[in-house]
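Colleague: Please take me through the core, the strands and the pocket of this model.

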Amino acid sequence: MANPRDFVEAMIAAVEARDPDSIAGLYAEDAIILSPGRPVVAGRPAIRNLWVQNFAGGYARLETASPRTERGADRALMIFVWRATIQPNGQDAQQINGRSMVYFTLEEGGWLISSDMWQPVP
């Protein structure tokens, strides 16, 4: 990404396209995802696999709001709230609301996520 602020639009587009490769490409090779009550997901291949599983489980839509970004020369942090729609085949849609903190590093090819932490919110 040319700018960390591009992350939200790129993530929404990748979810709409159900494209785990594009999502994984937003992360550094050694990135981690920290989720409540779950094991740490570490590395781009594991992140891709997580999204393959998410899509198979019915992850259908992502909406975001209130992004706030602080950026230095080679590090950036973004905090935002989101709502995910999960709709497994033949079942009613469920909504999950969350808050994320995403940490970026500037690498040779642009900005990549090095850590992603989220928590549910009411």
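The exchange below goes from the core to the strands and then to the pocket.

Modeller: This is a predicted model, where local features need pLDDT of at least 70 and side-chain atom pairs count only at pLDDT 80 or more, while totals for chains, interfaces and linings use all residues. Residues are numbered from 1 along each chain as its sequence is written, and side-chain values use heavy atoms, with hydrogens and water left out.

Colleague: Which element gives the largest share of the largest nonpolar core?

Modeller: A nonpolar core is a set of buried Ala, Val, Leu, Ile, Met, Phe, Trp, Tyr and Cys residues joined through side-chain atoms within 4.5 Å. This core has 30 residues, and F7, I23, Y27, W51, Y59 and F104 touch the most other members. Elements giving two or more residues to the core include helix 1 (6–16), helix 3 (44–56) and strand 4 (75–86); helices (H or I, at least four residues) and strands (E, at least two) are DSSP runs numbered from the N terminus. The largest share, 6 residues, comes from strand 4.

Colleague: Is T85 buried or exposed?

Modeller: T85 is found in strand 4. Among the residues T85 touches, leaving aside those up to four places away in sequence, are Y59, R61 and Q94; contact means heavy atoms within 4.5 Å. Buried means under 20% relative accessible area, exposed over 50% and partly exposed in between, with a 1.4 Å probe and protein chains only. T85 has a relative accessible area of 11%, so T85 is buried.

Colleague: Which residue is the bridge partner of W82 in strand 5?

Modeller: Two strands pair if DSSP finds at least two bridges between them. Strand 4 and strand 5 pair in the antiparallel sense over 12 bridges. In strand 5, the partner of W82 is G98.

Colleague: How many residues lie between strand 5 and strand 6 in their hairpin?

Modeller: Strand 5 and strand 6 run antiparallel and are joined by 10 bridges. R99 stands opposite Q119 in strand 6. The number of residues between the two strands of the hairpin is 2.

Colleague: How many residues in the lining of the largest pocket are nonpolar?

Modeller: A pocket is an open set of points on a 1 Å grid over the protein atoms alone, where a 1.4 Å probe fits, with protein on both sides within 12 Å along at least five of seven lines; lining residues have an atom within 4 Å of a point. About 540 Å³ of space lies in the largest pocket. Of its 23 lining residues, W51, N54, Y59, W82 and W118 are the closest to the centre. The lining has 2 charged and 4 polar residues, and the nonpolar ones number 17.

Definitions and conventions
Grid points are joined across faces, edges and corners, and a volume is the space filled by probe spheres set on the points. Ala, Val, Leu, Ile, Met, Phe, Trp, Tyr, Cys and Pro count as nonpolar, Asp, Glu, Lys and Arg as charged, and the others, Gly among them, as polar.
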